[in-house]
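Here are a few friendly notes to read with the structure open beside you. Please take the points in order, turning the view as you go.

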Amino acid sequence: MRYDKRNRTALDNLAPNTKAAAYKWYQFCLDNNIDILITETIRTKEKQAEYVAKGTSQTMRSWHLVGQALDFVPVTSTGGTDYTAYFQPDIQRAIAEAKRLGFKWGGDWSGGWDKPHLEYQYKGYGMDKKLEQAREDEEPMTAEEKKQFDELKELVKKQADTIKKLEKAVNVSGNQSPPEWSLKALEAAKKAGAITTTKDKSQSDLVNIQVLYNLGLFDPGIIKLINLNREEVRNAK
Ligand SMILES: [Zn+2]
């Protein structure tokens, strides 16, 4: 790259995201021995007004003003610039790469009159710099705020763990398998017809079932007795 230093100086003036994309493109040119000269990147309002007056630019809303455009020209083997060389295969490859990276090429515009021009529309006109500026304007956290933030994060994490434990205990999902200690009571309760399934029981369900089991209320003999008693009561009426 014959004008490497000059090119980099020009690229460094671009808005941050445009600059990052432009350097990727520039690296592609380097890797493929595509010799170019970057003639202009960011432009002042006065310069733009001059271009409009001369007719070399048609708008005061140039993407150059906001650092989101660059102009380049193919460089010949003798170091000259060749404004007729944009359709040479290697330059076309470079332009294709620029488009792949998100640039718009001025040669694609009606009449194709702005072949040196690549612009990076990013998130909109002037947005590249503004976004970066907005980030810079954000006040960094003080040490105290950072400490509070970290404590808050820790608290949230602890609460999440507690919630998980609670959910498990009350069996929110309904598919928690019952603990070992409750299995006998659950089986007995199911056999006795007190429950239809041993699954989806909360902790307090399990305790209640266990209490009834401990009292012997799921015992087949007891069940039989209760039913007999019921029958007697009915018959006596
Ligand atoms: Zn341009």
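1. Start with the sheet. In this predicted model, four strands make up an open sheet, and reading across it gives the order β1-β2-β4-β3, with antiparallel pairing. At the edges you will find β1 (36-40) and β3 (103-105), each of which pairs on one side only. On average, neighbouring strands of the sheet are turned by 35° against each other, direction ignored.

2. Next, have a look at one edge of that sheet. Here β3 pairs with strand β4 (residues 117-120) in the antiparallel sense, over three bridges. If you would like a pair to pick out on screen, try phenylalanine 103, whose bridge partner in β4 is tyrosine 120.

3. Now for the helices. How do the axes of helix α2 and helix α4 cross? Helix α2 (residues 16-31) and helix α4 (residues 89-100) have axes that come within 10 Å and cross at roughly 155°. Angles over 145 degrees count as roughly antiparallel, so α2 is roughly antiparallel to α4. The crossing of these two helices, α2 and α4, is right-handed.

4. Finally, which residues meet where α2 and α4 are in contact? From α2 come Trp25, Phe28 and Cys29, and they meet Ala94, Glu97 and Ala98 of α4. Sorted by class, this contact of α2 with α4 has five nonpolar residues, one charged residue and no polar ones. Glu97 in α4 is the charged one, as Glu counts as charged.

Technical notes. Residues numbered from 1 in each chain as written. Predicted model: local features only at pLDDT ≥ 70, side-chain atom pairs only at ≥ 80, totals over all residues. Pairing = 2+ DSSP bridges. Axes fitted to C-alpha atoms, helices over the stretch in contact; angles between N-to-C directions. Parallel < 35°, antiparallel > 145°, perpendicular 65-115°, else oblique. Left-handed = near helix turned anticlockwise from the far one by under 90°. Contact = placed C-beta atoms within 7 Å.
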